[in-house]
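Reader: I would like to go through some features of a model and learn how each is read. Where do we begin?

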Number of protein chains: 2
Amino acid sequence: MQQVRPRYAIDRPGFSQREFDEEFERKRRSFPLGDKVKKTLRCSGGRLRSLLFRHLPVLGWLPKYNARQNLLCDVISGVSAGTIQVPQGMAFALLANLPPVNGLYSSFFPLIPYFFMGTAHQMVPGTFAVLSIMVGMVCLRLAPESQFSHFNHTLNATIVDEERMNQVRLAVSGTLACLTAIIQIGLGFMQFGFVAIYLSESFIRGFMTAAGLQILISVLKYIFGITVPPYSGPLAVVYTLIDICCGLPHTNIASLLFALVSTVALIIVKELSARYRHKVPFPLPMEIIIVVVATAISGPLDLPQKYHMDIVGEIPLGFPAPILPTVTEWGDMLSTAFSLAIVGYVINLAMGRTLAAKHGYDVDPNQEMLALGFSNFLGGFFKIHVICCALSVTLAVDSAGGSSQFSSLCVMLVVMITMLALGTYLKPLPKSVLGALIAVNLKNTLLQLSDPYYLWKKNKLDCCVWLVSFLATFFLSLPFGVATGVGFSILVVVFQTQFRNGSEVAQIMDTDLYKNPKVYNKVKLLEGVKIMSYCSPLYFANAEIFRRKVIKKTGLDPGKVLLARKKFLKKQQEKEARELKAMQDQQKKEAMRRKMSSLVTMKSQTISQIDLQSDFDSNGAASADVPTSYVNPCCDITGSFDQLPGAPPVTMEMQPMPFHTLILDLGGVCFIDLMGTKVITKMINTYSMLGIRLYLANVQAQVLEELESGGVFEESCITTSDLFLSVHDAVLFAQSKSPTPSAAGEAERQKIKLAFDIQEEDGDLEQELF
Amino acid sequence: MQQVRPRYAIDRPGFSQREFDEEFERKRRSFPLGDKVKKTLRCSGGRLRSLLFRHLPVLGWLPKYNARQNLLCDVISGVSAGTIQVPQGMAFALLANLPPVNGLYSSFFPLIPYFFMGTAHQMVPGTFAVLSIMVGMVCLRLAPESQFSHFNHTLNATIVDEERMNQVRLAVSGTLACLTAIIQIGLGFMQFGFVAIYLSESFIRGFMTAAGLQILISVLKYIFGITVPPYSGPLAVVYTLIDICCGLPHTNIASLLFALVSTVALIIVKELSARYRHKVPFPLPMEIIIVVVATAISGPLDLPQKYHMDIVGEIPLGFPAPILPTVTEWGDMLSTAFSLAIVGYVINLAMGRTLAAKHGYDVDPNQEMLALGFSNFLGGFFKIHVICCALSVTLAVDSAGGSSQFSSLCVMLVVMITMLALGTYLKPLPKSVLGALIAVNLKNTLLQLSDPYYLWKKNKLDCCVWLVSFLATFFLSLPFGVATGVGFSILVVVFQTQFRNGSEVAQIMDTDLYKNPKVYNKVKLLEGVKIMSYCSPLYFANAEIFRRKVIKKTGLDPGKVLLARKKFLKKQQEKEARELKAMQDQQKKEAMRRKMSSLVTMKSQTISQIDLQSDFDSNGAASADVPTSYVNPCCDITGSFDQLPGAPPVTMEMQPMPFHTLILDLGGVCFIDLMGTKVITKMINTYSMLGIRLYLANVQAQVLEELESGGVFEESCITTSDLFLSVHDAVLFAQSKSPTPSAAGEAERQKIKLAFDIQEEDGDLEQELF
């Protein structure tokens, strides 16, 4: 792609920030807090109307609905999706350790509020495997089987009162849904929809994969028809797996056969319909076909009784009687409810955004949170388990051309018919068939097991996040995995701001560009000017690292040099005083001697400050002996003094300091907090006492604001004249000034030096501590 | 400060990253993991020796110790500091709800390991009020008074077996010290000394202030001589305060008198010695004088018996018999131990660094962690409570000219003499005097209550961190305060990366500088080129915000325009097909008509894409109606489409897009993760399908690496030729190219468009979800 290369020809005056601001008329922008609050609290008819339209999107789309064009499509897609929803809901109820009818409730009640409040047009709320298994853990923990079992002496066996257990578990599930709903509604009203962004993709994928594996393991017992004792707590999944392996010899062959046949049929049809999707107008509702066929075989032939297969059992017809949540149980559920609220919301939002991007509309994150919250809230009274978006049902609606919430109305209709009439026929359906349905749906999730391989190549830290989320979720528990994963991904962000971010830069030959001399060959080091580039926000966690880095890269620790200088001067003064006393008899030669001794001071001082610094360093040699490594920040800090300035001895005599100007390129510093501001102030002051000018270049607009309000310009000798628009501007200014500091600057420095001395003498170390 | 302004005159070719890398010979740097591991595991004599010297700094300084010059100073400072240590240790033992002798143990045993292992020369380890009160909470919780009280029927009162309670509490305290030590040693060996940096200054100050207030409240009962029931858990401090207020009528006047006199004496002497510090060679050990005087008054006059004053009581002489920690209690102590380990270490390190800066040596953070850990570990067997640095003792040593650990040896000596012989004379010392000593020491801490006022002016977010840390610590508990404060300060960092970071920029007249046109008046907007500057790391929490911001600022949503275009083309094709069918009878006119219809397509398409975008937007109007505010990111996201391009209708006809090049200035982006990379890739591809070129300018070196390894160059049509060294380079290149895309670029785009179409048709939304 050969092209004409333009010339970069500029001839303008150099700019410091102050000159630039004056010349180009910088405006002050303010963001008054009062106005904002007033604006938020303003109340008017228009605002109320917009609030209403915002929280009830149905008011927006329903009047515009084009029934002639869309209704048919919506009905067809809704009905076909409904036939997927029914078996899937029942299957996921098994995961939640609840009776299958709970799946029907969960697929019906939550859809009502979502119809009015949802902003994603094709979305069908419903059961989601990961949430179901999290609910299942809570049900197991709060209503364990042991509570409902008693030893029957006539039968000489332990009998579990399943009906009562199911009732209690349904109540637990409803209570949990209610708490989750309250969290979601609260977050939604507080406009906290943005919490979703704290869940990084790597975390979500790791979490989902682990959850998928857990789901697979927990359906194995249905597929093989084995009874395993329920476990909860860390490593539960491992114990379950061991039990299943031990139980394999007792496999119920009939169950396994049903499962295998269903699985194979489902996979074949799915693959075929994926291949010929353009020829089929809407996806085949294969799930319901399998369920119907399996029921038709199992029931009339009386297979469950013959082969002791585990079946769905009686499904109570009719709507459930509403219950009130058991508020006292909320304390035990809080962490799970929080995880459910966040994870459910994130899945819902991701699906909503994907649909929105495909069809060109917007989803409102806060409104989605509210819609989901109210869906769960209503459902909570009708014994549902927590829902978010029903993935495969939504996809079915979308691919069949559904375009509005009328589709989910049709889904509701199908579920309602099952609930009110058809459910009773599903009694002989083997649970293993439902298990197979779940397992097949996990295909995509389990394919993600190869994620770490790709991630490692692309970004090692993201790979770590994936692994940590996966391991914590899989081995400990799902809520714990959420907490660990989110915490770890935020830590990784903080971590990224700490290492490999600073380097010395040098001028690229004949240009105004400055780059790392370790990366580019054709560079030119400037005499007497050091330039450091730092690329990271400057805040509490790295402010000290930044200071150390500057010291290391410039090879000069101003604090130590100052201390050395001070000690030397003190000694010299003492010596002079002593000599003075001894020479009181030689009064006439005094004046001449004084002059000489001060000359000596000057010279040996220049040598001494380097010598003394080395002296200091040898004190710390034991700790500085450790090999430096950039992975370890502490080593880096302590071991940073063994690379001391190899300044040639000739210039050392001529020029007190190896450089007269230090330029900090803050182009990559995107924000700075109070501790960063303090470090900058401290650096400016100490360097200035050594006669070294410190210039800041390339300061971002918001960093400049933070520096101003943080008081850098009041507490140090820097002004906006020492801030430059680019590194090259700063270099030009540095070179145009004489190496010896100007009189005005000197006066300023003296003032600070005085302040420093006073502070030093005062020496209230306790005040300095933090 | 008038000065000669240098000219910024540059005439060089424009550079894209590729040309720049070629011309100036970029080197590839690699950081092989294998070598690093090998280097770390290398074993040699020199390495062993350096390890030994590192972990036992005493080997470094002892042989070099100049006894003639320093010993006298060290002994004097040590002895005078020891006299401060004794009463303070005893006072802090009261805070820890332990018998006063525990303070002597805590001031003796931990000093032994620190002598050998510490890297801060003047440091004296010992009791610290904040740690003591945290230990006190645990003692109260694990060995409550109620366990040791029984109702005595002869006396008709509840009797507490104080001796046994003290023994149990000492065991609890030792166990806690042991656990804390193990955590510290573990962190030290894992080189985790850097955890200290996660504690921001604002958090520490807020935490310390809250702890100081809690300490003050808990010594009030000693000062007033009131008995209050012990509380623990959240709001304990409030209940205690209420009880103290209620108990004020029962104040023990004698206790109060002793406390007041001690306080006044201490304050006066402290103020005087601060004023005349240059005339006094070492600080007056006022604490011990007060203790001695108080004992001398209280004992012989038999005041405690007369006025029922609470006194120190019998101090068992001699060394304590070592005990083993009760490992089973560790589970209950874990969170407190962790807080103790971190807080103690941070205080210790801060003190060490302050001393090091004053005297010009280095402290090794990891070694300090180890030294502290081993100090607590040894002490744990001798019933100490957790220690860090003894603040006022260390300051006394330093101000009296102590220069080595020999001072702390002398401190040990003083404590030992008290422990073995003098302790018994302290029996009649009123506890209220010790309470007064603690209260006076809190002066500096309580002065920090004015912090929020200064912080608010300097940095509002830092102020929030302070307040959150303070409130959580004060009202809930100290360990909880640590967790909350650290978590919140990290959240604030993440928060800072999300808002107000992006803006459109425009060329400043006649320069190569680009700034926000809202800030500077004299700017020039470039025809056909949009420039966006973003100043924040680009990662999972803000990648989507970044994309939305670009859309909002450029006023063009490429995804929607593409969708609109596609729909329109589809409709057009259908129409054409229909027309074609209808016109089959008019075969001869067909060729001409075709040509015309395609012309119509072209024209109406250019109009339609803007129209259709508006059409889409009106769909989302209900949600977009909400007033935008930059405080609320979600509103920002959803409400970003009401500011649509007001492109003049004339140009709309002439030029399909309002701009032909979009330049992203990534100068302020200091790192980018996989999600950021993905968003960039996606943006490049969608813009490119619209015929808009996307250039990246000012990419930081490490961001470039992350983009490369993240696969931007493989998965999008961008090459290093589309990356530019500066915004001005990018603008020059953009202007030098013709607005219509080149043939080569078009081919590339066609390829991607094809890929996009296929993907679109495939439409496996589940895969796209995350």
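Author: We begin with two rings: both Phe470(B) and Phe474(B) are buried, where buried means under 20% relative accessible area, exposed over 50% and partly exposed in between (1.4 Å probe, protein chains only). This is a predicted model, in which local features need pLDDT of at least 70 and side-chain atom pairs count only at pLDDT 80 or more, while totals for chains, interfaces and linings use all residues. Residues are numbered from 1 along each chain as its sequence is written, chains are lettered from A and ligands numbered from 1 in the order in which they are written, and side-chain values use heavy atoms, without hydrogens and water.

Reader: How many aromatic pairs are there over all chains?

Author: A pair of aromatic rings is described by the distance of the centres and the angle of the planes. Rings of Phe, Tyr and Trp (its six-membered ring) pair if their centres lie within 6.5 Å; planes under 30 degrees apart are stacked, over 60 edge-to-face, and the rest tilted. A search of the whole structure gives 47 such pairs. One of them joins Tyr231(B) and Tyr239(B), with 5.4 Å centre to centre and 45° between the planes, a tilted pair. Tyr231(B) is partly exposed at 29% relative accessibility, and Tyr239(B) is partly exposed at 42%.

Reader: Why is the pair of Phe470(B) and Phe474(B) stacked?

Author: Their planes are at 0° and their centres 5.9 Å apart, so the pair counts as stacked. The two residues are four apart in helix H22 (residues 460–476) of chain B, about one helical turn. Helices (H or I, at least four residues) and strands (E, at least two) are DSSP runs numbered from the N terminus.

Reader: Which ring has the charged end of Lys460(B) over it?

Author: A charge sits over a ring if NZ of Lys or CZ of Arg is within 6 Å of the ring centre and within 35 degrees of the ring normal. For Lys460(B) the ring is that of Trp456(B), 5.0 Å from its centre. Arg12(B) lies over the face of Tyr8(A), at 3.8 Å from the ring centre.

Reader: In what order do the three strands of the open sheet in chain A lie?

Author: Strands of a sheet pair through backbone hydrogen bonds, either parallel or antiparallel. Here the order is E8-E7-E9 in chain A, with antiparallel pairing; two strands pair if DSSP finds at least two bridges between them. Strands E8 (514–515) and E9 (523–524) of chain A are at the edges with a single partner strand each, so one side of each has no neighbour in the sheet. E7 (residues 506–508) of chain A pairs with E8(A) over two bridges, and Ala506(A) has Lys515(A) in E8(A) as its bridge partner.
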